[in-house]
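User: Hello! Could you take a close look at how the inside of this protein is packed, and follow it out to the parts that surround it? One connected account would be ideal.
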Amino acid sequence: RRFWDWGDEDQKRLEAWLAQSVSHRVAYWRLNAGFERSERLTALRQPEAFGRPAPSERARARPVLRLAAAGVAAVAIFGVASLQFLPSQKANTYETQVGGRQTIVLTDGSKIDLNTGTVVRVKGRSAELIHGEAFFQITHDAARPFVVTAGNHRITDLGTKFSVRTAQAGLEVSLVQGRARIDAPDAPAQRAAVLEPGDVAVATANRISVTRKSQQDLAGELGWRRGVLVFHQTTLGDAAAEFNRYNSKKLIVADARAAKLTIGATFPTDDLGA
């Protein structure tokens with residue numbers, strides 16, 4: 001800002017960088033304050049209006065110039081050292097055990113609900129779902145989209161509430177509100193989809209398929225956020241498998257014909273007796 005032409009675009013970029021984190025603002029304030037203190041050394045410089053000093057004067061001025069240079073260097077070192085001790089934007093890992101749930105509130109107001117047996121790593125405006133299931137309520141920022149990665153796929157927030165679940169059949173993304181883009185960064189561009197409310201995408205290593213579900217069905221699938229499992233025309237085998245995600249004691253349907261029976265009901269996630 002002090003030593004070259006500073007325009008409106010430069011100022012906008014600075015303000016955007018300052019808005020990214022408290023660490024950026026503290027670093028700027030500290031370095032700026034140190035620089036202003038160093039400017040006091042300019043009073044020791046020979047005024048340029050008097051022209052080039054004589055050789056004897058230049059010799060006497062060398063210690064002063066060295067002092068000024070040392071002052072600027074000290075300010076720079078102070079700024080770097082300050083940055084080293086500022087809180088860094090490190091990744092935080094959150095984990096739930098079988099049957100557990102947890103809500104994470106981020107500094108920008110976004111929320112992440114973790115379902116049973118889930119591990120997620122969060123850093124700034126990004127999260128990695130290592131395994132399990134999570135529901136994301138993202139505070140939208142067009143300049144800094146929130147990105148969720150899971151396996152080799154990436155979900156980019158476009159103003160969104162969505163759930164992400166890892167499973168053997170593939171990655172499942174259900175969009176409740178807003179929009180989101182799902183793609184595979186290392187795959188061709190055609191392997192991408194922009195989801196609208198009600199869309200459910202299943203992503204495998206080779207393709208992304210999208211189907212539609214009603215808001216009622218999506219709300220039922222997110223019943224775990226209320227501590228319940230909602231089944232609608234669900235086979236007994238699938239219902240037992242879903243219960244087993246939440247409980248250490250497992251349900252087994254021994255008869256293949258019984259496993260095909262369908263049920264419709266709402267159960268607490270930990271009520272195996274029911």
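Analyst: Happy to. The largest nonpolar core has 27 residues, and those touching the most other members are Ile 112, Phe 136, Ile 155, Phe 162, Val 164 and Ile 182. Strand S9, covering residues 170-183, gives the largest share of this core with 5 residues. Please keep in mind that this is a predicted model.

Ile 182 is a good place to look around. Beyond four places in sequence, Ile 182 touches Arg 154 and Ile 155, then Leu 171 and Val 173, and also Arg 191, Ala 192, Ala 193, Leu 195, Ala 201, Ala 203 and Ile 208. One of these partners, Ile 155, is also listed among the core members with the most contacts to other members.

There is a second, separate core of 9 residues, and Phe 135, Ala 239, Tyr 246 and Phe 267 are among them. Several of these names come back below, so let us turn to the aromatic rings.

With ring centres required to lie within 6.5 Å, the count is 5 aromatic pairs. In one of them, the centres of the Phe 231 and Phe 243 rings are 6.1 Å apart and the planes meet at 50 degrees, so this pair is tilted. Since Phe 231 belongs to strand S13 and Phe 243 to helix H5, the pair ties together parts 12 residues apart in sequence. Are these two residues buried or exposed? Phe 231 is buried, with a relative accessible area of 8%, and Phe 243 is buried too, at 6%.

Phe 231 takes part in another pair, this one with Phe 267: the ring centres are 6.0 Å apart and the planes are at 50 degrees, so this pair is tilted as well. It links distant parts of the chain, with Phe 231 in strand S13 and Phe 267 in strand S14, 36 residues apart. Phe 267 has a relative accessible area of 16%, and it counts as buried because the cut-off is under 20%. Phe 267 is also one of the members of the second core. Elsewhere, Phe 136, Phe 146 and Phe 162 make up one aromatic cluster; Phe 136 and Phe 162 were named above for their contacts in the largest core.

Helix H5 deserves its own look. H5 runs over residues 236-244, and its buried residues are Ala 239, Ala 240, Glu 242, Phe 243 and Asn 244. What do these residues pack against? They pack against strands S8 (153-167), S13 (228-235) and S14 (262-268). Ala 239 in this set is also part of the second core.

From here we can move to two buried threonines in loops. Thr 116 sits in the loop between strands S3 (111-114) and S4, and is buried with a relative accessible area of 3%. A polar atom of the Thr 116 side chain lies 2.7 Å from the backbone nitrogen of Gly 99, and the side chain also reaches the backbone oxygen of Arg 245 at 2.8 Å. Apart from neighbours within four places in sequence, Thr 116 contacts Thr 96, Gln 97, Val 98, Gly 99, Gly 100, Arg 245 and Tyr 246. Tyr 246, in turn, is a member of the second core.

Thr 96 lies in the loop between S1 and strand S2 (102-105) and is buried at 6% relative accessible area. A polar atom of its side chain is 3.4 Å from the backbone nitrogen of Gly 117. Its contacts beyond four places in sequence are Arg 101, Gln 102, Leu 114, Asn 115, Thr 116, Gly 117 and Thr 118.

The strands beside these loops are paired. S1 (residues 92-95) and S4 (residues 119-123) run antiparallel and are joined by 4 bridges, with Thr 93 opposite Arg 121. S4 also pairs with S5 (residues 126-131), antiparallel over 5 bridges, where Val 119 has His 131 as its bridge partner. S4 and S5 form a hairpin with 2 residues between them, and Gly 124 in the turn has a positive phi of about 60 degrees.

A last word on confidence: the mean pLDDT is 81, and 76% of the residues reach 70 or more. Over residues 80-88 pLDDT stays under 50, and the model has 7 contacts beyond four places in sequence for that stretch.

Definitions and conventions. Residues numbered from 1 in each chain as written. Predicted model: local features only at pLDDT ≥ 70, side-chain atom pairs only at ≥ 80, totals over all residues. Heavy atoms only, no water. Buried < 20%, exposed > 50% of the residue type's maximum accessible area, 1.4 Å probe, protein only. Contact = heavy atoms within 4.5 Å. Pairing = 2+ DSSP bridges. Polar contact = N/O pair within 3.5 Å; in protein donor to acceptor, adjacent residues only side chain to side chain. pLDDT = per-residue confidence, 0-100. Core = buried A, V, L, I, M, F, W, Y, C linked by side-chain atoms within 4.5 Å. Phe/Tyr/Trp six-rings, centres within 6.5 Å; stacked < 30°, edge-to-face > 60°.
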